[in-house]
Amino acid sequence: MRTDTAQIVRLVDYRPSDFLIDSVELDVSLHPTATQVRATLVVRPNPDGRPGAPLVLDGDELNLKAVALDGRSLAEEEFEASPQSLTIMQPPRQSFTLTVETELNPTANTKLMGLYRSSGNYCTQCEAEGFRRITYFLDRPDVLAVYTTRIEADRDEAPVLLGNGNPVESGSVEGSNRHYAVWEDPHPKPSYLFALVGGRLGRVSKSFTTMSGRAVELAIYVEPGKEDRADYALDALERSMVWDERVFGREYDLDVFNIVAVSDFNMGAMENKGLNIFNDKYVLASPETATDMDYAHIEAIIAHEYFHNWTGNRVTCRDWFQLCLKEGLTVFRDQEFSSDERSRPVHRIAEVKTLRARQFLEDSSPLAHPVRPTQYREINNFYTATVYEKGAEIVRMLKTIIGNESFRRGMDLYFERCDGTAATVEDFLEAFAEVSGRSLSHFARWYEQSGTPRVTVKSHYDKAAGTYRLDFTQSTPPTPGQPNKEAMAIPVVLGLVAHDGSSVEAACEQVDERGVFILDKAADSLTFTGVTSLPVPSLFRGFSAPVKVTLDLPNEELLVLLQHDSDAFNRWQAAQTVAMRHLAALSNGAQVSDEEIDAFSTALCSFMDTDALRDPAFAALVLTLPSEADIAQEIGKDVDPDAIHRARSDMRRRIGKTCSAHLHRFYEELADSGPYSPDAASAGRRALRNASLDLIAAADQAAGEELAAAQAESASNMTDRLAALSVLTTLPGAAREEAITQFGERYRNEPLVMDKWFTLQAAIPEDDTLERVKGLMEHQAFSIGNPNRVRSLIGSFAMLNQVQFNRIDGAGYDFLASIVLRADELNPQLAARLLTAFSTWRMMESTRREHAQRALWTISRKPNLSRDVGDIVSRTLD
Ligand code: ARG
Ligand code: ZN
């Protein structure tokens, strides 16, 4: 394997910048192929840097036009320039002004980093290292400056001109059809938070008054004609602002807050100061075009980017190793927001499902890394589920351990102390250690040790003594670079439940009054006294730690929890655990008797009788079996995706048969009534009805087809229409093809809906799907340059279609490899993301494993791979 050790950036090598930049004046004259940028930087030596060092500015594919120091053009021998850097050999020892002119071609920028065009509009993406594609700069997060941006453009081409901060001036450029706008951002910020936008855009807006009575104008800019689809996002923004004031005491700090939706975007969205830029799929929604899940994602991501204003912008990161400091914390904050706005237990289950599907998967793969990595070749490859989602779980555990009140005081102290600075994980933990008076040094291991800890619990009941003992052991498997693991500090929230459902009042000194026990040794035991009958332990309530748990309880006892636990998360978990045991056994070729499956189905039926309609969203989650990818992860080695698919289909069919009457009843009783509303309760009713339809179809193809075809035709909203079409995709035949064609016709001018259409087809678990996907790449709605299209079609095939991506003939792998290589020439970040679908290859049985390895080798041998793809392919093969 090629290993360019020279390019590896290491946390231990961090040192402060030799220079600081206090202010930046940017003058950007937009042009489709020849945009002129003049940057005027006020630079001074950093007292913490090396005295007398040269000034080395970062660049990336830059074209230098002119450079001057304190107004004097530099002679050739005074500087060195390349597309990657600009060095001033002997800069002054005090503050000086550097003026740098560069020329950019935004139309040719297919990497979507730096300044680029999307549907003709100009926009920027600078995190992590995109600002250096606009001008030469100290492009690192610990260099904070105040920015003034003047943007000039043709009035026709870009009537709207937006920058960071507050608008201060605008006008016409005399003697031309050009105009300009000047924006000033008074808050010092790192370059990755810089943004500008120029284009033809529609606008929706609303005034907001902050907690201290300041007026802020909120606005969202979208493709003209789609303004009404931004109303929900605008409402979510307002609710986020209110929530952050109420829950964290955080107020907004500029006169305007702007959001722009663009259709070509590598990630979800970006928190640029005062000017968030969003992937349009996380802004635009109407009942006709967006599902309940889309609405929930919009709400969460609008909140996420807004919350970054304090956790990310006001307090930023010292270096990119600290990425979780802003991302993990901000994900935690957006999850809390969604839980408060919706149903907390339902949201918690959804969070855990994603965590397991993405982060646990990553942690068990060759791409496993600590929440705070210690080295990287390409930082863009570390915007991962581990940094984001596991990062959020660490914050949640911290809150569980120190308690709500200390947590809030710790946050206040962190903001107070670190406002306006570039901070580290240590600064963050220090605030909580101080307010709680607790050492967090053992807890800090969560940032350093990768891999998902396994906790095994064995229970012993002594009736005569009235004692109940739980023996815990923990271990963490080896991960890349970390062969030996230490014990973690794991908060276990627990309780005991009696078989009749009453809660057991038993004493145990290691468990506090909130039911929290901290497992911080490799092995530990809890003994409860005064236990008069055999209880069922309810462990890790609310999923109190990101670990895998093995419990020695029989299925019947777990099902007591489904019925009786006061913790909703564990009710759901109990049903999932039993289902997973059956699914894993069936996948491994074991026989699972009808009685055993019936016992499970019957428990589901009685759950449906008593509880389902009280919380339909929760019931829908209980009725949904673990996914094929979840089962593969559970099995962990020599995986045969075909066997898993058969096992899951079989179990869906058996449950559908036993519970048929209940399912049909729900399907009828929950029928659509009244106009669509995206609120959580209405969404929950749709979710339960559609989960019922899925099981009906699994058990009775004809009945399912008839109901689904009718629903696909007559649905009054996208949630129901898409759910029906999704059920139909599991039923091969003319009805399905007809429905697919009709849907494609109906929405052919709606790119975000066509994405859903691509995804559904890419996920069909049948042999001709690969040909179908290749055919769809020729569809007029598809484009290899647009990340949303590529992820919907190719990404879904690779990530959602377990059986066809992992075809035994290797054709799925070869296909993905060829697309990764094609995409890499246009957009390395997109290509590298697609490539992560291979991270499960070592889990597969040997034939598939060999095919996957061959495909990975093909990629790794290609000359001129991007650093993004080169990094992922070499780590995946290692
Ligand atoms: N900070 C953005 C967020 O809200 C993500 C931006 C990542 N961009 C990138 N090119 N890696 O999570
Ligand atoms: Zn973020």
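Student: Where is the place of Ala128?

Tutor: Happy to start there, and do keep in mind that this is a predicted model. Two strands flank the spot, β11 (121-125) before it and β12 (145-154) after it. Ala128 sits in the loop between β11 and β12.

Student: Which peptide bond there is cis?

Tutor: Most peptide bonds are trans. Here omega is near 0°, and the bond with that value runs from Glu127 to Ala128.

Student: Which residues surround ligand 1?

Tutor: Let's walk along the chain. Glu127 and Ala128, the two residues joined by the cis bond, are in the shell. The others are Asn266, Met267, Ala269, Met270, Glu271, His304, Glu305, Glu327, Asn380 and Tyr383.

Student: Which elements give two or more residues to the shell around ligand 1?

Tutor: Met270 and Ala269 are in the shell, and β20 covers 269-270. His304 and Glu305 are in the shell too, and α2 covers 292-307. The elements you are after are β20 and α2.

Student: How do the residues of the shell around ligand 1 divide by class?

Tutor: Ala128 and Met267 are among the shell residues, and alanine and methionine count as nonpolar. Glu127 is in the shell as well, and glutamate counts as charged. The full division is 5 nonpolar, 3 polar and 4 charged.

Student: Is Leu112 buried or exposed?

Tutor: Leu112 is found in the loop between β9 (96-104) and β10 (114-118), and its phi is positive, near 60°. The cut-off for burial is 20 or more other C-beta atoms within 10 Å. Leu112 has 24 such neighbours, so it counts as buried.

Student: What about Asp638, buried or exposed?

Tutor: Asp638 also has a positive phi, near 50°, and lies in the loop between α13 and α14. A residue with 12 or fewer C-beta neighbours inside 10 Å is exposed. Asp638 has 12, so it counts as exposed.

Student: How far apart in space are Lys637 and Glu845?

Tutor: Lys637 lies in the loop between α13 (628-635) and α14, and is exposed, with 9 other C-beta atoms within 10 Å. Lys637 and Glu845 are 208 residues apart in sequence. From C-alpha to C-alpha, they are 7.1 Å apart in space.

Student: At what angle do α14 and α16 cross, and why are they called roughly perpendicular?

Tutor: Two packed helices are described by the angle between their axes and the distance between the axes. For α14 (residues 641-658) and α16, the axes come within 7 Å. Angles from 65 to 115 degrees count as roughly perpendicular. The two helices therefore fall into that class, crossing at roughly 100°.

Student: Which residues of α14 and α16 make the contact?

Tutor: By class, the contact has 5 nonpolar, 2 polar and 3 charged residues. From α14 come Ser649, Arg652, Arg653, Ile655, Gly656 and Lys657. From α16 come Leu695, Ile696, Ala698 and Ala699.

Student: How are α16 and α17 set relative to each other?

Tutor: The axes of α16 (residues 680-699) and α17 (residues 701-714) come within 5 Å and cross at roughly 140°. The crossing is left-handed. An angle of over 145 degrees would be roughly antiparallel. The pair is therefore oblique.

Student: Which residues in α17 does α16 meet?

Tutor: The α16 side consists of Leu693, Ile696 and Ala697. By class, the contact has 6 nonpolar, 2 polar and 1 charged residues. The α17 residues are Gln701, Ala703, Gly704, Glu705, Leu707 and Ala708.

Student: Against which helices do the buried residues of α27 pack?

Tutor: The buried residues in α27 (residues 867-877) are Asp868, Val869, Gly870, Asp871, Ile872, Val873 and Thr876. They pack against α24 (811-826), α25 (828-835) and α26 (846-861).

Student: With which residues is Val873 in contact, leaving aside its neighbours within four places in sequence?

Tutor: Val873 is in α27 and counts as buried, with 25 C-beta neighbours inside 10 Å. Thr836, 37 residues apart from it in sequence, is 8.4 Å apart in space, C-alpha to C-alpha. The contacts of Val873 are Leu835, Leu856, Ile859 and Ser860.

Terms used. Residues numbered from 1 in each chain as written. Chains lettered and ligands numbered in written order. Predicted model: local features only at pLDDT ≥ 70, side-chain atom pairs only at ≥ 80, totals over all residues. Axes fitted to C-alpha atoms, helices over the stretch in contact; angles between N-to-C directions. Helix = DSSP H or I, 4+ residues; strand = E, 2+ residues; numbered from the N terminus. Parallel < 35°, antiparallel > 145°, perpendicular 65-115°, else oblique. Left-handed = near helix turned anticlockwise from the far one by under 90°. Contact = placed C-beta atoms within 7 Å. Near = placed C-beta within 6 Å.
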